[in-house]
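Could you walk me through this model in my viewer, stop by stop? I would like to know what to select next and what is there.

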Amino acid sequence: MKDRILVTGGTGYIGSHTVVELQNAGYEVVIVDNLSNSSADVVDNIEAVSGIRPAFEKLDCLDFAGLDGVFAKYPGIKAIIHFAASKAVGESVQKPLLYYRNNLVSLINLLELMPKYNVQGIVFSSSCTVYGQPDKLPVTEEAPIKKAESPYGNTKQINEEIIRDTVASGAPVSAILLRYFNPIGAHPSALLGELPNGVPQNLVPYIVQTAIGIREKLSIFGDDYNTPDGTCIRDYINVVDLAKAHVVAIARILEKKQKEKVEVFNIGTGHGLSVLQLVHAFEKATGVKLNYQIAPRRAGDIEQVWADPALANKELGWKAETNIEDTLRSAWNWQLKLRERGIQ
Ligand code: UD1
């Protein structure tokens, strides 16, 4: 029998790509999602891409009894990948309690239910935001955690601590915390991708919406940073590559290959790109000229961060593979497909 994996937030951007890769690797997936930032037709698209329809339960992870019911309905869930979370940095500053409730209580509910249903482990979506502005680059997992810039970032830090404390208390579970850098791009089929609610806050969705004419021009937030061209530097990781990191993390838990009961891995390419470099890479990859202007800095932005992914390369045997042009083309093809489907 195939191992059964619960994926919370499985119809979301990273979740949907991960469900496809899990199914490709032979796992059976149960998705729980409240559809607050995605839609049920993503399940159809997952099926169109992978040829397999995952089980889907529309449910909020805040609903403890509902979650208990999902574990009872799908016996033998071996591990969880927990994506479901609120993720807009700016909104988290306006509505901190919403973010603390959604992001902390969802995880607590899962951790409470895991022993009851003999779930061995959990893979948690963490973020490079926990490093703040690192003192040394590229940043390794050993770098100190800096005070969070937003309630959103704080929920990632607190959730990492909740997991550590739970495992340290002797709970019969193990965990892998994946600290993502900046996930971008879409599935090569153009059937899955990122669908932002309203005006995009993240760079690549804003770029593709500008390129297709939904937005007039991209504002580049600051060109007076202490970087070679003055714009901020990030480590942009292809979403399918990122999804594959989850599959190897799950296998590591189930095959009991973990060296510690809680392990942390940076998931990035190891290369930093500035905002201007990314814009130019987009233009080169797609042949589309982008309208942009330099604007003031955005509050809370980190100047530069990129990963040292050596630990993930060595321990997980995982490496980012897709080049930036292919990744940006995939984001553009997804946007073109959305237009074709009359969505955006
Ligand atoms: C942010 C969060 C990160 C979170 C991620 C997902 C922080 C410090 N980081 O990443 O934790 O996981 O969002 O939502 O809060 N930019 C522009 N113009 C735009 C949009 C962005 O110039 O219209 C620039 C930003 O200044 C930044 C880069 O593009 O330098 C990437 O921005 P973005 O895609 O929003 O990601 P982060 O801020 O790195």
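Here is a short tour that begins at the ligand and ends in the loops. Please keep in mind that the model is predicted.

**Stop 1: the ligand and its shell.** Select the ligand and the residues around it: 21 residues make up these surroundings, with Leu-203, Ser-219, Arg-234, Arg-298 and Asp-301 the closest. Colour the shell by residue type and you will find 10 nonpolar, 7 polar and 4 charged residues.

**Stop 2: polar contacts.** Now show distances from the ligand's oxygen atoms. One oxygen is 2.6 Å from a side-chain N or O atom of Arg-234. For Leu-203, look at the backbone, where a polar atom is 2.9 Å from a ligand oxygen. At Ser-127, a side-chain N or O atom is 3.3 Å from an oxygen of the ligand. With a surface switched on, note that the protein covers 89% of the 750 Å² of accessible area that the ligand has on its own.

**Stop 3: elements and domains.** Select α7 (203-211) and β8 (218-221), the elements that give two or more residues to the shell. The largest share, 4 residues, comes from β8. Next, colour domain 1 (4-185 + 235-267) and domain 2 (203-234 + 270-340): both contribute shell residues, so the ligand lies between them.

**Stop 4: three loops.** Go to the loop between β5 (121-127) and α6 (151-168) to find Pro-138. The Leu-137 to Pro-138 peptide bond is cis, with omega near -5 degrees. Then pick Leu-35, in the loop between β2 (28-33) and α2 (41-50); its phi is positive, near 60 degrees. Finish at Ala-190, between β7 (182-184) and α7, where phi is near 65 degrees. Ala-190 counts as buried because its relative accessibility is 7%, under the 20% cut-off.

Key:
Residues numbered from 1 in each chain as written. Predicted model: local features only at pLDDT ≥ 70, side-chain atom pairs only at ≥ 80, totals over all residues. Heavy atoms only, no water. Near = heavy atom within 4 Å. Polar contact = N/O pair within 3.5 Å; in protein donor to acceptor, adjacent residues only side chain to side chain. Areas by Shrake-Rupley, 256 points an atom, 1.4 Å probe, with all protein chains shown as cover. Nonpolar A, V, L, I, M, F, W, Y, C, P; charged D, E, K, R; others polar. Domains from an automatic or database assignment. Buried < 20%, exposed > 50% of the residue type's maximum accessible area, 1.4 Å probe, protein only.
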